[in-house]
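Open your viewer and get ready to select side chains as we go. This tour visits charged pairs and then aromatic rings.

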Amino acid sequence: MNKLKFIGRGSGYNVKEGNTSAYIIKNEVLLLIDCGEGVFKRIIETNLIDGIKEIRILITHMHGDHVGSLSSFVGFCFWKYHICSKIYFHEKSVLKQFLELTSMCEGESFIIDDCKNVKIDKLGLEFSASLTKHNKRINTYSYTLKFDEGNDIFYSSDTYETNFDIVPFLKDGNIVYHDTCLNDCEGNVHTSLRVLCEKVPRELRKNVYCIHIDGENFIEVAENEGFNVPHILV
């Protein structure tokens, strides 16, 4: 079954669980989803890019816990491995300005591309992004990964109301990684566990992995409701 591996699974200020970031490695290609403040350090500590020849990065949005160490990672890959990272984000001009302010040079250390129906043959998948609802000051984008073989994956950005029809997707045997939190206050910009329980019948929850987690007892509570929580890279 196609699954993602995780560098971190925590909410923005959950230092213990680390910034939420996932990846796939196949045929010397690394596909990384988000690169928050603590992600580059974790990549280096675990030798994740040893043997990698090609780097693709999907960005969900511009919060620091999702792009905070992107410049360091891109610069390191170019400096040490002479790899020009290909980055995908709908708001290309925003991300380009962000990287250029940190002295990165487009066409040298990075290339930014659109993220609509992109095919990566070496990984055997095609992906596209969709706008989701988070807060009024920033746009966030979720990703659907369609594989040549096996199940597909939906990866949610930070969102309180995804525009994704989750139940039919799960009934087809696919996997969902979804922004989830214990906080259930009015105006919450993330999906509370209560809301996710309302959306997903218990018999389908085994293929839903809760990410961007908050709270000391989050894992226990989520698993008691029938959901999974991804393991972190060790």
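**Stop one: charged partners**

K119 is partly exposed, with a relative accessible area of 36%. Keep in mind that this is a predicted model. Now add D148 to your selection: the two side chains, K119 and D148, meet in a salt bridge, with N and O 2.5 Å apart. The pair connects distant parts of the chain, since K119 sits in strand β7 and D148 in the loop between β9 and β10, 29 residues apart. D148 counts as exposed, at 52% relative accessibility.

Next, select K86 and D113, which form a salt bridge at 3.5 Å, N to O. K86 belongs to strand β5 and D113 to strand β6, so this bridge ties together parts 27 residues apart in sequence. Both ends are partly exposed: K86 has a relative accessible area of 26%, and D113 is at 28%. In total, the structure holds 13 salt bridges.

**Stop two: aromatic rings**

Twelve aromatic pairs turn up in a search of the whole structure. Select F6 and Y155: their ring centres are 6.4 Å apart and their planes are at 20 degrees, so the pair is stacked. F6 is in strand β1 and Y155 in strand β10, 149 residues apart. Are these two buried or exposed? F6 and Y155 are both buried.

Keep Y155 and add Y177. Here the ring centres are 6.5 Å apart and the planes at 40 degrees, so this pair is tilted. Y177 is buried, at 1% relative accessibility. Finally, add Y209 to see the cluster that ring pairs make of F6, Y155, Y177 and Y209.

Conventions: Residues are numbered from 1 along each chain as its sequence is written. This is a predicted model: local features need pLDDT of at least 70, side-chain atom pairs count only at pLDDT 80 or more; totals for chains, interfaces and linings use all residues. Side-chain values use heavy atoms; hydrogens and water are left out. Rings of Phe, Tyr and Trp (its six-membered ring) pair if their centres lie within 6.5 Å; planes under 30 degrees apart count as stacked, over 60 as edge-to-face and the rest as tilted. Helices (H or I, at least four residues) and strands (E, at least two) are DSSP runs, numbered from the N terminus. Buried means under 20% relative accessible area, exposed over 50%, partly exposed in between (1.4 Å probe, protein chains only). A salt bridge is a side-chain nitrogen of Lys or Arg within 4 Å of a carboxyl oxygen of Asp or Glu.
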